[in-house]
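Q: Hi! Could you walk me through this structure?

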Amino acid sequence: MAEAWYQSADLYRHRRRWFWPVVIIALLAAALGSLAAGAVDVPLRDVVSVLTSKIGIGNAPVQPESVVWGIRMPRLLLGFTVGATLGLVGAMLQGLLRNDLADPHLLGIGPGAAIGAALGTVAGGVRGAIAGGVLAGVLTSFALRRFARRASIDPTRVILSGVALGAVLSAWVGFVVFGADRATVPPIEFWLLGSLAGATWRILGTSFFFLLVTVGGLLTATRTLDLFALGESEARHLGVDTRLVTTMILIGVGAAAGATVGAVGVVSFVGLLVPFLVRPLVGYSHRHLLPAAMLVGGLFVVLGDLVARIALEPVEIPVGLVTAAVGGPVFLWLLSRRRDA
Amino acid sequence: MPDQAFIATGLRYTAGGSALIKEVDLSGAPGEVIAVLGPNGAGKSTLLRLLAGDLRPDSGSIRIGDLTIDDATPVELAKVRSVMRQGGNTDIPFTALAVVEMGRYPHRNDPDASLEKDRAAIQVAMERTDTIHLAGRVFATLSGGEQTRVVMARIMAQESPVVFLDEPTTALDVAHQERVLREIRRLAADGRCVVAVFHDLNAASFYADRIVLMANGEVRAEGTPTRVLHPDLLGSVYRQPMVVQTHPTRGCPLVLTVDEDGGLSPPRSPQM
């Protein structure tokens, strides 16, 4: 049958069959865990009764409700949203640049957005931070485009340029933060290491708005992005306006990554690590890769935040330290495997 | 309905101060295979890249079907011409089937687009190029010859009336070379116009309707293989003495290189 050989050429179909249920179950377990665990341990029974009370079943005890719904729930959702966004933009950048080492924060978009976000805080608090992050993220993305144009010739050059750009911009985050009023602008470790400690429903709402728009836009490019694997000229021969698509994706990536920085600072290595983990399980086609990277990215940051909260209890460590501790070694390993590095 | 599949007039292209293409006119009819020949640096690939729309000529104009190349969107262009580039990426992580499937991309928003239509085109393309058994293999793991055939299948799936091929047979063994050349003839038999750059003069001799012989960015000779494959002309263009005989079974010109001094001092003693 014609259908049979067609189907059998999809190498990842068996793996995908169990991938999705496993990830969704893991995600639910991680969600319940992070609602229950922390400085005050809430029994799972109380967590469940808080959740059911929200859909109109029963009444929740007051003290667990304020912890579970008032503090931990927005933190959980923000962690998931940030992780999903970073996983998505990481996978998209890697597809666009044909380079597994691409990551928005490694390429300097994170620190660049942090400058804008810190300045935005002075102007307009939390919303200003997110808007500033979006704007500065897009600008940094365009700075990167200069290097990205040579990506097909020398990918390592793009990465090295991005790392240098990131170092310079990180220094400038310091100048902005130390020059600003400490009462209004969060400290430098928030911007460069990332933290979900300040998560509120308000931050969640604002960043969610930006992310919905940019992520929605980015997800329309799935099939087009596959063609970049053939090379930029081949993609153009097949009808892709490669300049336009590259520009649009870089705007989207800069805006989305910038919004996460405005909300929680730079949570590094998520965009690098997650696509790397997910590809062997769902394949290279962006139709499967992008949603998978979103779910696993969300899961990764939720778990990372859980570790950040309970590892050195009662001290809370920045979530970016946890993601970097896991992601850094993977980056080094990937780098050592490259033939051209 | 134009009777020419494509028409290029007055093409000039200069890069880095040197004129790579000087005043070239070329057109092709549906059903025709045009071989572009010439020594290294003659401008063959540059000409193909101009025709494909990759490079913008300094002057001159190119029409493919009803489209003027400058005014066409990438998708419009992809529906009327397909391109096999020389030395494309080999480390593609997608399967052969996925790569061939990408050939259908320009048709995704056609009014009559359907999954069945795409699959039929893909299947025909892969059967003809003998790549069905490679469908589930990752492109990067295929041999050079297999990769060329998969790319050929991708181009066939694109179903464009004009096809540009830059050295499509270079990486192939003799059997697969003949196979790809027969497929090129079949594309022409389906009414497409194929323009291909070759190094193998005899492949062009047997399979092309018309040969365009280039040197120094200009067309030195153009016409049927019998007319263009002339020893004096080839000798001066390639700076290599040649003789032309008649192929014993195919009847077309058979080009052979000979020694500078007429064979008086062979590089290797003839084996007895």
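What follows is a chat about how the chains meet, what lies inside them and which charged side chains pair up.

Q: What kind of model is this?
A: This is a predicted model, so let's read it as a prediction.

Q: Okay, how many residues does each chain bring to the contact?
A: Chain A brings 24 residues and chain B brings 33 residues. Between them the two chains bury about 2,800 Å², with 60% of it on carbon and sulfur atoms.

Q: Which residues of chain A lose the most area there?
A: Those are A:Trp5, A:Tyr6 and A:His237. Together they make up 28% of what the chain A side buries.

Q: And how many salt bridges cross the interface?
A: The rule finds three salt bridges across the interface of chain A and chain B. The side chains of A:Glu234 and B:Arg85 form a salt bridge, at 2.9 Å from N to O. There are also eight residue pairs in polar contact across the interface, both residues being at pLDDT 80 or more.

Q: Which helices of chain A touch chain B?
A: Helix H1 (2–8), helix H9 (222–227) and helix H10 (232–237) of chain A each supply at least two residues to that side. By class, the chain A side has 11 nonpolar, six polar and seven charged residues.

Q: New topic: what is in the largest nonpolar core?
A: That core has 146 residues. The ones with the most contacts inside it are A:Leu78, A:Ile249, B:Leu37, B:Leu165, B:Ile184 and B:Leu213. Helix H4 (residues 62–97) of chain A gives the most to this core, with 15 residues.

Q: What does A:Leu78 touch?
A: Leaving out residues up to four places away in sequence, A:Leu78 touches A:Leu196, A:Ala199, A:Ile203, A:Leu204, A:Ser207, A:Ala263 and A:Val264. There is also a second, separate core of 32 residues, which includes B:Leu47, B:Val83, B:Phe164 and B:Met214.

Q: Which residues of helix H9 in chain B are buried?
A: In that helix (residues 231–238), the buried ones are B:Leu233, B:Leu234, B:Gly235, B:Val237 and B:Tyr238. Just after this helix, B:Arg239 takes a positive phi of about 55 degrees.

Q: Back to salt bridges: how many are there over all chains?
A: The count comes to 23 by this rule. In one of them, the side chains of A:Arg75 and A:Glu316 meet at 2.8 Å, N to O. The pair links distant parts of the chain, 241 residues apart: A:Arg75 is in helix H4 of chain A, while A:Glu316 is in the loop between helix H13 (286–310) and helix H14 (319–337).

Q: Is A:Arg75 buried or exposed, and why?
A: A:Arg75 counts as buried because its relative accessibility is 9%, and the cut-off for buried is under 20%. Its partner A:Glu316, at 34%, counts as partly exposed. Both belong to a network of salt bridges that links A:Arg75, A:Asp305, A:Arg309 and A:Glu316.

Q: What about chain B: what does B:Arg12 pair with?
A: B:Arg12 forms a salt bridge with B:Glu23, and the closest N and O atoms are 2.7 Å apart. B:Arg12 lies in strand E1 (residues 6–15) and B:Glu23 in strand E2 (residues 18–28) of chain B, so the pair ties together parts that are 11 residues apart in sequence. B:Arg12 is partly exposed at 40% relative accessibility, and B:Glu23 is partly exposed at 41%.

Methods:
Residues are numbered from 1 along each chain as its sequence is written. Chains are lettered from A and ligands numbered from 1 in the order in which they are written. This is a predicted model: local features need pLDDT of at least 70, side-chain atom pairs count only at pLDDT 80 or more; totals for chains, interfaces and linings use all residues. Side-chain values use heavy atoms; hydrogens and water are left out. Contact means heavy atoms within 4.5 Å. Buried area is the accessible area (1.4 Å probe) that two parts lose on being put together, summed over both. A salt bridge is a side-chain nitrogen of Lys or Arg within 4 Å of a carboxyl oxygen of Asp or Glu. A polar contact is a pair of N or O atoms within 3.5 Å; within protein, one must be able to donate a hydrogen and the other to accept it, and residues adjacent in sequence count only if both atoms are side-chain atoms. Helices (H or I, at least four residues) and strands (E, at least two) are DSSP runs, numbered from the N terminus. Ala, Val, Leu, Ile, Met, Phe, Trp, Tyr, Cys and Pro count as nonpolar, Asp, Glu, Lys and Arg as charged, and the others, Gly among them, as polar. A nonpolar core is a set of buried Ala, Val, Leu, Ile, Met, Phe, Trp, Tyr and Cys residues joined through side-chain atoms within 4.5 Å. Buried means under 20% relative accessible area, exposed over 50%, partly exposed in between (1.4 Å probe, protein chains only).
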